[in-house]
Amino acid sequence: MQELAEYKPWFIEEPTSPDDILGHAAIKKALENTPHGTIGVATGEMCQNRVVFKQLLQAGALTVLQADACRVGGVNEVLAILLLARKFGVPIVPHSGGVGLPEYTQHLSTIDYVVVSGKKSVLEYVDHLHEHFVHPSSVRDGYYVTPLEPGYSVEMKPESMDEFAFPGEEGKSWWRSQAAKPILEGPRI
């Protein structure tokens, strides 16, 4: 990171094992005195519950919290994590790098802004696979468009569920197609 310091990155993401609280704290401390200013530590997309986040925050081990709504088990756990982040003054950048995660994080960001931190958050955005959702996320002028439909926006279209069900029905499922053969029959690494 010393070699990248001149570019003034906001943070390094997931620099060690997600469960290594002390390792994250050591990395954060080591990056506090980089030549062009502090480089932060972001982590959390692989953490499974609020307890790990609580320990990361108590240890001063992160600069940016990156909860993944799917991994932590939904809204209630995310709300606890948002409240912890607020208590410790740590901004959130919810993990949005997978199928349906932009649909989740648009809500998490709005909840955080409206009822928890009062601050806009930066969000990752992956611009693919939205066509599989009944209420896909969208971005306009660099901002997520706040969803107006009730729910969490992750309801998948029935035809997508049928097409990608595993193992699925013969002739209907992608997993039974020629395209899936390299994955199903390829080498195990």
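A disulfide is taken here as a pair of cysteine sulfur atoms within 2.5 Å. By that yardstick, the predicted model comes up empty: a search of the whole structure turns up zero disulfides. The sulfur of C47 has its closest cysteine partner in C70, but the two sulfurs are 15 Å apart, so a bond is out of reach. C70 is likewise in no disulfide, with C47 holding the nearest cysteine sulfur. As for their surroundings, C47 is buried at 0% relative accessibility, while C70 is partly exposed at 43%.

Turning to the strands, there is an open sheet of three, running β1-β2-β3 with parallel pairing. Its edges are β1 (11–13) and β3 (64–65), each of which pairs on one side only. Two bridges join β2 (residues 40–43) to β3 in the parallel sense, and A42 sits opposite V64 of β3.

Aromatic contacts are next, with six pairs in the structure. In one of them, Y104 and Y152 have ring centres 4.5 Å apart and planes at 75°, which makes the pair edge-to-face. This contact bridges distant parts of the chain, 48 residues apart: Y104 belongs to helix α5 (residues 101–116), and Y152 to the loop between β5 (143–144) and α6 (158–164). Y104 is buried, at 17% relative accessible area, and Y152 is buried at 17% too. F164 and W174 make a tilted pair, 6.3 Å between centres and 40° between planes. Here F164 is partly exposed at 36% relative accessibility, as is W174 at 23%. Ring pairs also tie F164, F166, W174 and W175 into a cluster. Elsewhere, the charged end of K87 sits over the ring of F88, 5.8 Å from its centre.

How values were computed. Residues numbered from 1 in each chain as written. Predicted model: local features only at pLDDT ≥ 70, side-chain atom pairs only at ≥ 80, totals over all residues. Heavy atoms only, no water. Buried < 20%, exposed > 50% of the residue type's maximum accessible area, 1.4 Å probe, protein only. Pairing = 2+ DSSP bridges. Helix = DSSP H or I, 4+ residues; strand = E, 2+ residues; numbered from the N terminus. Phe/Tyr/Trp six-rings, centres within 6.5 Å; stacked < 30°, edge-to-face > 60°. Lys NZ or Arg CZ within 6 Å of the ring centre and 35° of its normal.
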